[in-house]
There are 4 protein chains.
Amino acid sequence: MAIRALVWGENVHEQKNAEVRRIYPDGMHNTIAAALRKDPGIQAATATLQDPEHGLTDDRLAKTDVLLWWGHAAHGDVADHVVDRVQQHVWEGMGLIVLHSGHFSKIFKRLMGTPCSLKWREAGERERIWVINRSHPIAAGLGEHVELPATEMYGEPFLVPEPMETVFITWYEGGEVFRSGLTYKRGAGKIFYFSPGHEVYPVYHQAEIQQVLCNAVNWAHNPLPRWKKIEDAPNVPTDKAPEKIETRGPRLHADGEAGLR
Amino acid sequence: MAIRALVWGENVHEQKNAEVRRIYPDGMHNTIAAALRKDPGIQAATATLQDPEHGLTDDRLAKTDVLLWWGHAAHGDVADHVVDRVQQHVWEGMGLIVLHSGHFSKIFKRLMGTPCSLKWREAGERERIWVINRSHPIAAGLGEHVELPATEMYGEPFLVPEPMETVFITWYEGGEVFRSGLTYKRGAGKIFYFSPGHEVYPVYHQAEIQQVLCNAVNWAHNPLPRWKKIEDAPNVPTDKAPEKIETRGPRLHADGEAGLR
Amino acid sequence: MAIRALVWGENVHEQKNAEVRRIYPDGMHNTIAAALRKDPGIQAATATLQDPEHGLTDDRLAKTDVLLWWGHAAHGDVADHVVDRVQQHVWEGMGLIVLHSGHFSKIFKRLMGTPCSLKWREAGERERIWVINRSHPIAAGLGEHVELPATEMYGEPFLVPEPMETVFITWYEGGEVFRSGLTYKRGAGKIFYFSPGHEVYPVYHQAEIQQVLCNAVNWAHNPLPRWKKIEDAPNVPTDKAPEKIETRGPRLHADGEAGLR
Amino acid sequence: MAIRALVWGENVHEQKNAEVRRIYPDGMHNTIAAALRKDPGIQAATATLQDPEHGLTDDRLAKTDVLLWWGHAAHGDVADHVVDRVQQHVWEGMGLIVLHSGHFSKIFKRLMGTPCSLKWREAGERERIWVINRSHPIAAGLGEHVELPATEMYGEPFLVPEPMETVFITWYEGGEVFRSGLTYKRGAGKIFYFSPGHEVYPVYHQAEIQQVLCNAVNWAHNPLPRWKKIEDAPNVPTDKAPEKIETRGPRLHADGEAGLR
């Protein structure tokens, strides 16, 4: 059965900026979704900030295996209750791929617990993305590096937790470096951050970048059933303890009382 | 110079529950602070939920090297702007030690990015805390394990990210296990979660537990100056790039413009 | 295409000890291989210490996707050149599942770089294996824990590096705990250590244990081509540098000279 | 009490190569030791390959808090029994700092369990070492980056396990990147790998590099007593189990018998 990917696009600069519209006449989200459809195992749909509930209803997320997130100009316009919902689904097992300026999205900052800040420069310089472990599934089919002729520089320090794996590290013409591909797990959800993708350059039209996105969707997919109520703190009463014990001493809670939170 | 520890206590059950008041007549925060003062290198103060700004003004936090957090009944009463402030100071380098039911505090959930949920049972059963790496500074002076005669069970799965280090794992009489001592870094701040400490048992009066708290304060202290503005995303203009480059191609931002966030 | 698993069994106690022979009349390796064959996606073969080259020729390993390793009485009899070969194949991408007393095998100690020591007791006590992350592929299909009615105790401290993921933690009737399921990567190879499996108890006949083994084979399989010559340190001569540079200053090596090692 | 650092130098190229002798007339080990002595908290001595037992007797290692290792031309000449000894002391708590070409030393490969291979080029190009976490103790006192005017390129992929922390990442003029500062723990020992230090450039004369070495010695020092017999696998007999149990069922080992290994 195909993996159900949902590409979420902020879809703001495509409307306001002629250069972005020229490069992505259908919107970045549609370009990315079309790239994913080149993998016969992926079924890709799109949603945008402008849709009701930003296109991210509970029902929609329940039918999504992997969510891709591109946002830049309007992070603050994403409703908190929708972010709550996305976070819940990631915890339960939905994969999440955060792209480029999505490092400052509400959802990424929440899942990381850190500032997610970095340095930046928009000079159209050259970027060379080095593959740190070429046997990682996200790097499948790539050579030892991928070059972008023009990119926005994102420089260290990148304020994220130590990753589970460092998949890519980037070299910039202007002299900086960046951990451009990082993996994490949060609850049952697998997360991949991938830094390329500035909207005034045709990054998502490049074949190797499209390959990384397809690989990442396959990697981030957790085929197990969603872990519902993962946020619950269930009581295990004494008579249900795996080993036979007796309650002794003082207690704060009466039998059957819910825990505090 | 002494390490400045600040023990934050919710101070609710000490007021409402006779048993808790009997065990901790001065409040849990004062018992913990007194324990820390046994280490001549630590200078310990206290703050509570009931203090103005919960005792956690920006000035107070700026003068705190390591914050200890005990809360249970009133997580929701902690003001969000105070949580923002504590998070900022942790990012900048303040150490944080989260105790027992603090697993569900706003500050811990924010820094972890996960549900922080677990199982629980209040049966006064025996707990044996195994030292996983006895050469870790937080385990200094302990034997191969620490026993609590009566404890609240906190059981796996504990929904936190994979830790930097697993320092302790607990065995319970009723048949469960728990990762009872875990370390993390978030920005410049070092974080230690330590699960013992249910308020109806005299856990913080036990010498080995007091030893762990002193060790943890020493471990969590980052002597480097606070990393101010760690959340900023500074622009590096082309003429300030480490290597000489020329701006080329289209741009989204004018010179000197702030980045989007 | 099926995953090609190879079950390596030391096959010593099956020959010498009547109780082990009674439980595993066909040898432990054959019981494990039969269990793997219940997964239609796995094709399982066996090899033993007594085979020429211990059944682990270069050609055989090249055709193996995942190797399972059970040894106990004769770690020292495994030839070093065979261990070299297995290590090389793990680095290149062959999965490795190390079982029970294999913690002290040459291959595991080499890949970990640590003593791999632990405590032990042979009392036929009860073991309860807790699933730490039930959405991990190695835990697929299990409940919240697995019970073994009789087991050998393996106790912490277990001297291995911090794992990539802690999948299982064990509770023992006698009072100890153990990190019973741990994942690692070394080069392109995925490694899973799983502690149950003492030879005088019918552990590998238990359905849930067989499920874990099948899951682990699926998890450890790296479908990418082997990373040949992963141990090489290739020179990148100046005229092949990704950016145009000129050699300047003194040099130790002449053009085309191999590096030192 | 001062930290006792021991700088081990291979001391081969200093004897054979005029350029190396010109830069390091006293040998690289002496230059490094002199740099460490600028920190009043460090007491530095030296040992070389040519000394009896390579200067690394058991007694000498027992009195060493942190060992620094520089080798290049003669990794194969280091006696295996001395490597065994150094590994044992690292496991027991001695810190280890591996420098530059030491990535291919026997001791580093053993502790990592991976090939430790990389790419290289000797072109005297510029290196810029970026500080990934400026609040890490190893980065204390540095700016946001350190520049080396001439360096040997060491390029990714660097075949080591995922580190505990990535402290530095390097940018090279020729277009490559490298994880130039990585931390690990193996048993009770803390390990830091630091890539700069090619012998035909005056790298260890540079103030910031000397600062990193002093910081690293302070970081790698484990003040706890050595963990003797860390490699032992002690039996815990039934009557010494923390919880009262009875032995039941078949057994492989008689009472008091040593475990197999």
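Contact here means heavy atoms within 4.5 Å. The model is predicted: local features need pLDDT of at least 70, side-chain atom pairs count only at pLDDT 80 or more, and totals for chains, interfaces and linings use all residues. Residues are numbered from 1 along each chain as its sequence is written, chains are lettered from A and ligands numbered from 1 in written order, and side-chain values use heavy atoms, without hydrogens and water.

**Exercise 1. Place Arg4(D) in its surroundings.**

Step 1. Find the element. Arg4(D) sits in strand E1 (residues 3-9) of chain D. Strands (E, at least two residues) and helices (H or I, at least four) are DSSP runs, numbered from the N terminus.

Step 2. List the contacts. Neighbours within four places in sequence are left aside; Arg4(D) then touches Gln43(D), Ala62(D), Lys63(D), Thr64(D), Asp65(D) and Val66(D).

Step 3. Look at the side chain. It reaches the backbone oxygen of Lys63(D) at 3.3 Å.

Step 4. Judge exposure. Arg4(D) has 26% relative accessibility, so it counts as partly exposed. Buried means under 20% relative accessible area, exposed over 50%, and partly exposed in between (1.4 Å probe, protein chains only).

Step 5. Add a distance. Trp219(D) is 215 residues from Arg4(D) along the chain, and their C-alpha atoms are 13 Å apart.

**Exercise 2. Trace the sheet of chain A.**

Step 1. Write the order. The open sheet has 9 strands, E2-E1-E3-E4-E9-E8-E7-E5-E6, with mixed pairing. Two strands pair if DSSP finds at least two bridges between them.

Step 2. Mark the edges. Strand E2 (42-48) and strand E6 (145-155) of chain A each pair on one side only.

Step 3. Give the twist. Neighbouring strands are turned by 25 degrees against each other on average, direction ignored. Axes are lines fitted to C-alpha atoms, for helices over the stretch in contact, and angles run from 0 to 180 degrees between N-to-C directions.

**Exercise 3. Describe E8(A) and its two partners.**

Step 1. Take E7(A). Strand E7 (residues 165-172) and strand E8 (residues 177-186) of chain A run antiparallel, joined by 5 bridges. Thr170(A) is bridged to Phe178(A), and Trp171(A) to Val177(A).

Step 2. Inspect the turn. This hairpin has 4 residues between its strands, and Gly175(A) there has a positive phi of about 115 degrees.

Step 3. Take E9(A). E8(A) and E9(A) pair antiparallel over 6 bridges. Tyr184(A) partners Ile191(A). Their hairpin has 2 residues between the strands, with Gly187(A) at a positive phi of about 65 degrees.

Step 4. Check burial. In E8(A), 9 of the 10 residues are buried, so the strand is largely enclosed by the rest of the structure.

Note on methods:
Polar contact = N/O pair within 3.5 Å; in protein donor to acceptor, adjacent residues only side chain to side chain.
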